[in-house]
Each structure stands twice: as structure tokens, then as C-alpha cells.
Amino acid sequence: MSAHPSPARPRLLTGDTPTGSLHLGHFVGSLENRLQLQDEYDCYFLIANLHALTTRSQETADIRRDTLEIVKDWVSVGLDPRKATFFLQSEVPAIAELTWYFAMLLGYGRLMKNPTIKDEIRVKNLGDNYSFGFLMYPVGQVADILAFRPKVVPVGEDQVPHIEMTRELARRFNQVYCGVTGKTDDADHETAGGVFPVPEVKVGRVARLTGTDGKNKMSKSLGNAIFLSDDPKTVQKKCNKIFTGRQSATDPGVVEGNVLFEYHDAFNPDAQRVTQLKEQYQSGSIGDGQVKKELAEVLNAMLSPIREKRAQVSDSDVLAVLRDGTQRANDQAEKTLAMAKKACDFGFFHRTVAFKD
Ligand code: ATP
Ligand code: MG
């Protein structure tokens, strides 16, 4: 599978961390946008395997396994390595180098105000035990993005503060090292001589899908996810376990804020049936059981072609795609790094990154 994305198209960058395989939240939060935009944009899809070390530094075999699983998820939903560049963060050294430059332009206090960082510390029970590297990951993410100088970054709502930080650091770098003035519009930074564009964020159709616990964001790491690769029985079991807090099937049910209906709204193509289910639930004529049963049917119908496609992708296909994409990603990121180093007087020698057989 060799890819030839056209460099004339505007660029797009996004990615996933291999802390597990992909779930329904990823689908509505980011994958759908990628699918829609992969023809229009020169897309770079990154596996943030270094960032998986923030919570899994002692489970590197799992990171490797999930790296391959996520690429299978991408292909199975229809992302196409002949159109887009799929690549591995850990094999693009320019990203790590850019992280160093951006870290110097970011105040520690500003970093600690990032609400996603605070949220992750709380939800993942990290307490005071997070590593120094954990605090580096949002800066690393700025470098992941800006190394490709993209116009747009499609993500779920939880990532918006990281993209805001990315925009701030792009402006700051351009102002400090490229002579761009503070009055320059975001859209004009490159034409004003800046190395970096100020990229736009694009949030998915469902900005934040709730998990099966009915409470937190659906997350790979929180045990509240329905995965794209789950088999039909597992999907059914997970639907049956969804907690709504309803005491009895004959009580009038609450639809507002009920995760079962959040899922029906997001995934059930039959809007009329959803309206009917809501009316029956509110009047107390059906219980959670019926709503869950129909939800499992809807999800399994949606996931069936995804599962079939997934079964056709082997580990060696994935590795070939990643190698090819990571080489192209290096070509691009090296160009950006050279521009950035030149701008801040670190541009001494030229180099290329190439893989050996
Ligand atoms: P982790 O629990 O390890 O942080 P995650 O499930 O949050 O994993 P990420 O790899 O961090 O997954 O996120 C990949 C992309 O999917 C990001 O753009 C993120 O905003 C989006 N995303 C993740 N979970 C959801 C969700 N529940 N709803 C909408 N978008 C989501
Ligand atoms: Mg996350």
C-alpha cells in the first residue's frame, strides 16, 4: 500500500495514543471528521506512542500491541493509507527536538492551568505520582502538531485546551523568532514571515461521548468504552451493564442526560424509532432492558462491516504502512525543524532522516 498525498492540498494533523484500541467516542469525536476530510486535505495521522509512556511506562509491550491495533482500527473504519500518511511519533526525531524549543516558550504556571491536564490527573487517579514526562506530553503534542504546519486539527472536546496552547505557542514562536507582530491576524502569520500557521481546531459531531459508566468521558483507559473491535456478544454485555440509575421499569424514565439515549441519538439511524423509544420510556411503558437491547442491535449493525474489514488487515500490512508513512512524515518534519532552527539561529548543518533495511 503506497501513498502519494498531494502536497498542494492544505495539511491536517491529528492522532491517537496507544493506551488501548479505539472506541465509539473516537468514532464520533474524531474519526468521522478524518474520513470526511481525507480527500480534501493532505492528512497526517499520528500514533502518539511516546505519550502512551505517560501512564504505561512499564507496559511497553502493550503500547506496541495497541499501536498495531489502532492502525487496524483506522483502516477498518475507512481511513486510507494511500490517501493519508500514517506514522509513528517515536520515529520522527524532529518532533522531540521541537518539543525542546516550545518548552522554553511556555511558562510552567500556564501549563498547570491547562484544564485537560488537571482533569487527567483527577480522573486517572494520578495524585502527586505523575512523572515529569507527564507534564511534557502537552508540549510534545504542540510539537506533534506544529511539525506538520497544519491548517486544521480534528479532535474531541477534551483536546481543545491542548490545541489552544498550540495556537499560543505558534504565535509566540513567530513573534519571538520571526518578527511577526502581536497585531498580526492568526490567518496571516505565515505570510507575515512566521514559520508556523496558527491551526484551527475542528471538533467532532459529538464533542464528548459519555462512557458506559454514564459519568466520565468514554476513555480507553477508564474501562468504560465500547471498542470498535468488540465482538457482538461483548457489545451486548456492555450495553446491558450501562448504568442509568432508574429504579423500576414502570417509573417514568428520564431521557435528558441518560447515556442510553445519548448513544441512540449518536448512533441510531432511525430517528423516528428513537423518538418513539423516548416517549415510551418517559411514560413508563418500557424499561432500560428494551432500550439497551435495541441499542446493542444498532451498534452491532454499525460495527459489523468495520469488524469484517479489520479481519483482513495483518500486522505486516500495518508495519509496511507505518514505515512508508513515517518516512514521509520525517521528510516533512525535518523541513519544518530546519525552518524553525534557522529562525532562531540554531541552523548550523543540514541532515536527512532515513530508515535502513
Ligand atoms: P486515554 O484515556 O488514554 O486518554 P482516550 O480514549 O482519551 O485515551 P485519546 O487517544 O487520548 O483517547 O484521544 C484520541 C482522540 O479522540 C482525541 O482527539 C480525543 O479528543 C478524541 N476522543 C477521545 N475520547 C473521546 C470521547 N469520549 N468523545 C469524543 N472524542 C473523544
Ligand atoms: Mg485522552
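The paragraphs below lead through one helix and several individual residues of this structure, which is a predicted model.

A good place to begin is helix α11, which runs over residues 271–283 and therefore offers 13 residues to look at, spanning 19 Å from its first C-alpha to its last, close to the 18 Å expected at 1.5 Å a residue. Which residues of α11 are buried? They are Val274, Leu277 and Tyr281, and because they cover an arc of only 60 degrees around the axis, they lie on the same side of α11. These buried residues pack against two other helices, namely α10, residues 259–267, and α12, residues 288–311. On the other side of α11, by contrast, Gln272, Glu279 and Ser283 are exposed. Just after the helix comes Gly284, which takes a positive phi of about 80 degrees.

Positive phi values are also found away from α11, at residues that are not glycine. Most residues other than glycine have a negative phi, which gives a reason to look at such places individually. Asn125 has a positive phi of about 55 degrees although it is not a glycine, and Asn125 lies in the loop between α6, residues 115–123, and α7, residues 132–146. Is Asn125 buried or exposed? With a relative accessibility of 69%, Asn125 counts as exposed, since the cut-off for that term is over 50%.

Asp345 likewise is not a glycine and has a positive phi, here of about 65 degrees. Asp345 is found in the segment after α13, and at 65% relative accessibility Asp345 counts as exposed.

The segment after α13, a helix that covers residues 315–343, is also the place of Phe346. Phe346 joins Phe348 and Phe349 in a nonpolar patch on the surface, and together the three have about 430 Å² of accessible area. Phe346 itself has a relative accessible area of 44% and is therefore partly exposed, because that term applies between the limit of under 20% for buried and that of over 50% for exposed.

A last stop is Thr60, whose place is in helix α3, residues 60–77. At 48% relative accessibility, Thr60 counts as partly exposed. How far apart in space are Thr60 and Leu50, C-alpha to C-alpha? The two are 9.9 Å apart in space, while in sequence they are ten residues apart.

Key. Residues numbered from 1 in each chain as written. Chains lettered and ligands numbered in written order. Predicted model: local features only at pLDDT ≥ 70, side-chain atom pairs only at ≥ 80, totals over all residues. Heavy atoms only, no water. Helix = DSSP H or I, 4+ residues; strand = E, 2+ residues; numbered from the N terminus. Buried < 20%, exposed > 50% of the residue type's maximum accessible area, 1.4 Å probe, protein only. Arc of directions from axis to C-beta. Contact = heavy atoms within 4.5 Å. Patch = residues over 30% accessible without salt bridge, like charges linked within 9 Å, V, L, I, M, F, W, Y side chains within 5 Å. Areas by Shrake-Rupley, 256 points an atom, 1.4 Å probe, with all protein chains shown as cover. Salt bridge = Lys/Arg side-chain N within 4 Å of Asp/Glu carboxyl O.
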